[in-house]
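Hello,

Here is the structure for you to look through. Please open it first, then read my notes below.

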Amino acid sequence: MGKTREVKHKETTMLILRAILLGAETTPTAELLRDAERNKVLLELAERTNATEVAEAEKSKLKQVVEIAAEVHEALKDVDHVFIKLVKPVRYVPADVDVLTSRPKKAAANLVRRGYKLVVKEPYTITLKKNGVNVDLYLHPSVGNIVFLRAEQLRGEVRQAGFHGVKLPALKPPAETALTIAHAVYKDGKVTLNDVVTYLRWRDGTLEKCREWKCLDAAGRFLAALHDVLTGRAPAPRPIPTWPLNAVKRALTHPDLAPSLLQAPKRLLDPRLYA
């Protein structure tokens, strides 16, 4: 039974990829749409397969995220900030709005005055919420209080990008894609079709950026998972081996990241990290 289920997931993975990347005609079955949702590509698949009702529901959710992102940008006009993991070359509904800033406490105070509710405050992240949408303010990209990239590496990669009619400061494509790789390997522990499509459409310069950021190990793990998905050997999302130890190993071997390990023990024991 388990093998049959895995085979079906492999088949739906390939059907979704062909529809999105090649424009192949595909019937939007319930199973296909479920897998697309798990892989964070439901909106683009629904639009390409004429699943009108699903597409409209996703657009309604996206509209709310766009409004939150625009409001956050306006609220942080006196604070340096850049949106990360938001602007991508795939139509999808982001699960939350992630912002990198050197002044997360000031940014949080600005948002609280706008009606955002403080949810979680950690050493490198502050999470707030409004209208059902989470806003994560990062001092550095991290997981379980372990920093896996220094913010300074990203701040030199900023551009003004369009996000569904709104102009926002975001990362240049090679940096955004390199961050996608690092996030998949060190934080999410899996590669989704959203990650796959982002890499395939924005891969130029990405591995050079990974080399510059000294995370070629993450690129290797990501590309191995990508190969498994594209060749039909495994369905997506594709788990990354040895997660969540990847971020620990990275911090142990990079002196500029190692101090964050002092913040990690309590958070690594929190079951919410693995939900």
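**Strand β4 and its neighbours**

Strand β4 covers residues 125-130, and 5 of its 6 residues are buried, so the rest of the structure largely encloses this strand. Keep in mind that this is a predicted model.

Which strands pair with β4? One is β3, residues 117-121. The two run antiparallel, and 4 bridges join them. Look for lysine 117, which stands opposite lysine 129 of β4. Between β3 and β4 lie 3 residues, and the two strands form a hairpin.

β4 also pairs with β5, residues 133-138. This pairing is antiparallel too, with 6 bridges. Here threonine 127 faces you as a marker: its place is opposite aspartate 136 in β5. β4 and β5 form a hairpin as well, with 2 residues between the strands. Asparagine 131 in this hairpin takes a positive phi near 55°.

**Threonine 192**

Now move along the chain to threonine 192. This residue sits in the loop between β10 (190-191) and α8 (193-202).

Is threonine 192 buried or exposed? Its relative accessibility is 2%, and buried means under 20%, so threonine 192 counts as buried.

What does its side chain reach? The side chain of threonine 192 comes to 3.3 Å from the backbone nitrogen of asparagine 194. Leaving aside residues up to four places away in sequence, threonine 192 touches Arg38, Asn39 and Pro237.

Best wishes

Notes: Residues numbered from 1 in each chain as written. Predicted model: local features only at pLDDT ≥ 70, side-chain atom pairs only at ≥ 80, totals over all residues. Heavy atoms only, no water. Buried < 20%, exposed > 50% of the residue type's maximum accessible area, 1.4 Å probe, protein only. Pairing = 2+ DSSP bridges. Polar contact = N/O pair within 3.5 Å; in protein donor to acceptor, adjacent residues only side chain to side chain. Contact = heavy atoms within 4.5 Å.
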